[in-house]
Amino acid sequence: MIQPEQHPAVLDSHPEGSSRFIRACLRQPVDRTPVWFLRQAGRYMPEYMAVRKHHSLLEICRSPNIAAEVTITAAERLGVDAAIIFADLLLPFTPMGLDFEFVAGEGPVVHTPIRSLEHIQSLRTDRVDELQYVANAIEKVAAHFAAPRHDGDHLGIIGFCGAPFTLASYMIEGGSSRNYIHTKKLMYAGDAAWPLLMEKLVTVLVAYAAQQVEAGADVIQIFDSWAGALSVADYRQYCLAPTTELIQRVKALGVPVIYFGVDTASLLPSMRETTADVIGLDWRIPLDEGWRAVGPGCAVQGNLDPITLFAPEAVLEARVREVLNLAAGRPGHIFNLGHGIVPETPVENVIRVVEWVKQFGAAASAQARPGESTHVR
Ligand code: CP3
């Protein structure tokens with residue numbers, strides 16, 4: 001296993017170790033808590049909607065210039081410490097041979113959902129090169145942020161992909177789901193279908209992540225957004241091994257991995273077993289409790305409820321302070337939401353949160369530094 005101190009990406013891309021976001025991923029001390037947001041480039045932001053007026057979501061994803069512009073605009077407008085590349089979880093479906101589209105008001109729709117071993121056997125794993133447009137967008141973002149910012153810090157660049165379970169659930173259900181009946185039926189069938197689907201997804205996702213790292217992604221985030229639909233026993237029996245394989249192979253590319261899911265309180269100790277460097281916590285669990293569940297040898301990201309961004313200023317400020325207080329300045333906390341920013345969120349409240357984290361997060365880090373303990377109470 002790669003030790004944080006020897007992490008090649010950190011040594012290579014920023015030899016001076018000047019990205020507080022990457023340092024926090026590796027539980028190294030930072031001058032202040034780094035901050036970024038899930039879905040920071042999205043429909044709540046007028047600049048994004050202006051681009052969306054002329055282009056579909058998939059057009060934006062598949063046009064490196066536009067995807068890079070949307071990524072950069074959001075990061076600069078908010079003043080955050082990391083930029084997540086503008087893309088979507090479902091993009092790898094196309095080179096695998098599975099057609100889908102985004103239907104207004106409905107989300108993603110897969111036209112011929114997977115229900116059989118034969119269909120899984122027909123999925124292609126040899127055309128990942130077709131996703132190169134995402135890497136091209138990352139190259140442009142990396143070139144834009146190559147120089148350190150005014151405070152001397154390098155903005156972190158986050159590439160991402162879905163986790164095997166969450167992607168399989170879209171492939172099998174054909175879209176968003178409530179009970180995951182078809183997914184779990186295929187999983188429980190006990191034949192070759194589920195293991196083969198997991199294996200094919202891992203093959204494609206490792207190659208896709210490798211393109212992103214090669215292009216300049218400093219960190220890869222793996223979204224297992226719907227893992228919370230699984231019992232601990234099912235997660236462990238059907239998903240832990242392929243997810244661990246994916247995470248270990250992405251780490252071997254030389255970058256830290258953030259592993260995120262929603263409604264995961266009961267799954268956290270198992271998620272930690274994947275060896276991810278950082279676990280993304282959803283907003284339901286108090287941050288210190290979540291950190292205790294994953295253990296002190298792991299960084300955490302989170303976990304403000306995105307809907308508190310609609311609250312009056314005093315409530316919002318109190319919630320931001322609460323998250324920082326629960327992290328207590330221990331190395332290895334990245335401030336974020338517990339899930340993505342939703343449409344209609346007031347942009348000025350998002351910016352205010354960034355300012356507060358910069359203000360209060362510095363004090364918290366300074367407080368914790370004397371002992372530099374990474375222990376969780
Ligand atoms: O700044 C960013 O984070 C934007 C980049 C980004 C998008 N999708 C663009 C997008 C990221 C990181 C994603 C990941 C993604 N995609 C996830 C995991 C994150 C999570 O929320 O748990 C998931 C589950 C998807 C699949 C997906 N894409 C759904 C379910 C939807 C529809 C839901 C909705 O909000 O409408 C999308 C569409 C989508 N992907 C949008 C954006 C900005 C909004 C739709 C639009 O612009 O038309």
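These are my notebook entries on a predicted model, taken one spot at a time.

**Ligand site**

I started with the ligand and asked which residues come nearest to it. There are 22 residues around the ligand, and the nearest of them are Arg-43, Tyr-48, Arg-52, Asp-88 and Ser-225. Next I went through some polar contacts. The side chain of Tyr-48 puts an N or O atom 2.6 Å from a ligand oxygen. Two contacts come from the backbone: a polar backbone atom of Arg-39 is 3.0 Å from an oxygen of the ligand, and a backbone N or O of Gln-40 is 3.1 Å from a ligand oxygen. I also looked up how much of the ligand is covered: on its own it has 870 Å² of accessible area, and the protein covers 88% of that.

**Nonpolar core**

Which residues touch the most other members of the largest nonpolar core? I got Phe-21, Phe-37 and Trp-194, in a core of 136 residues. Helix α11, residues 193–215, gives this core its largest share, 14 residues.

I then listed what Phe-21 touches, skipping neighbours within four places in sequence. Its contacts include Pro-34, Trp-36, Gly-156, Ile-158, Val-219, Ile-258 and Ile-334. Asp-81 and Gln-301 are also among the contacts of Phe-21.

**Helix α10 and the loop before it**

For α10, residues 181–188, I noted Thr-183, Lys-184, Leu-186 and Met-187 as buried. Their arc around the axis is only 160 degrees, so they sit on the same side of α10. The face turned away from that buried side has two exposed residues, Ile-181 and Lys-185. What do the buried residues of α10 pack against? Their partners are α7 (117–122), α9 (164–173), α11 and α12 (232–251).

I checked the backbone at both ends of this stretch. In the loop between α9 and α10 I found Tyr-180, which is not a glycine but has a positive phi of about 55 degrees. Is Tyr-180 buried or exposed? Tyr-180 counts as buried, because its relative accessibility is 8%, and the cut-off for buried is under 20%. Just after α10, Gly-190 has a positive phi too, about 75 degrees.

**Helix α14**

I did the same for α14, residues 287–294. The buried set here is Leu-287, Asp-288, Gly-290, Trp-291 and Val-294. They span an arc of only 160 degrees around the axis, which means they lie on the same side of α14. I followed the packing of these residues to α13 (268–272), β7 (278–280), β8 (299–304), α15 (313–327) and β9 (333–337). The residue following α14 is Gly-295, with a positive phi near 95 degrees.

**Asp-282 and the cis peptide**

Asp-282 is in the loop between β7 and α14. It is buried, with a relative accessible area of 2%. Which backbone nitrogens does its side chain meet? A polar atom of the Asp-282 side chain lies 2.9 Å from the backbone nitrogen of Asp-263, and the backbone nitrogen of Thr-264 is 3.1 Å from a polar side-chain atom of Asp-282. Beyond its neighbours within four places in sequence, Asp-282 also has contacts with Gly-261, Val-262, Ala-265, Asn-303 and Gly-338, among others.

Asn-303 made me look at its peptide bond. The bond joining Gly-302 and Asn-303 is cis, with omega about -10 degrees. Asn-303 itself belongs to strand β8.

**Two more loop residues**

Glu-344 is a residue other than glycine with a positive phi, near 80 degrees. I placed it in the loop between β9 and α16 (347–368). Buried or exposed, for Glu-344? Glu-344 counts as exposed, at 68% relative accessibility.

Last, I looked at Ala-146, in the loop between α8 (132–144) and β4 (156–162). Ala-146 is partly exposed, at a relative accessible area of 48%. How far apart are Ala-146 and Phe-165, C-alpha to C-alpha? I noted 35 Å in space, for 19 residues in sequence.

Conventions
Residues are numbered from 1 along each chain as its sequence is written. This is a predicted model: local features need pLDDT of at least 70, side-chain atom pairs count only at pLDDT 80 or more; totals for chains, interfaces and linings use all residues. Side-chain values use heavy atoms; hydrogens and water are left out. Buried means under 20% relative accessible area, exposed over 50%, partly exposed in between (1.4 Å probe, protein chains only). Helices (H or I, at least four residues) and strands (E, at least two) are DSSP runs, numbered from the N terminus. The arc is that of the directions from the helix axis to the C-beta atoms. Contact means heavy atoms within 4.5 Å. A residue is near a molecule or strand if one of its heavy atoms lies within 4 Å of it. A polar contact is a pair of N or O atoms within 3.5 Å; within protein, one must be able to donate a hydrogen and the other to accept it, and residues adjacent in sequence count only if both atoms are side-chain atoms. Accessible areas come from the Shrake-Rupley method with a 1.4 Å probe; for residues, only the protein chains shown count as cover. A nonpolar core is a set of buried Ala, Val, Leu, Ile, Met, Phe, Trp, Tyr and Cys residues joined through side-chain atoms within 4.5 Å.
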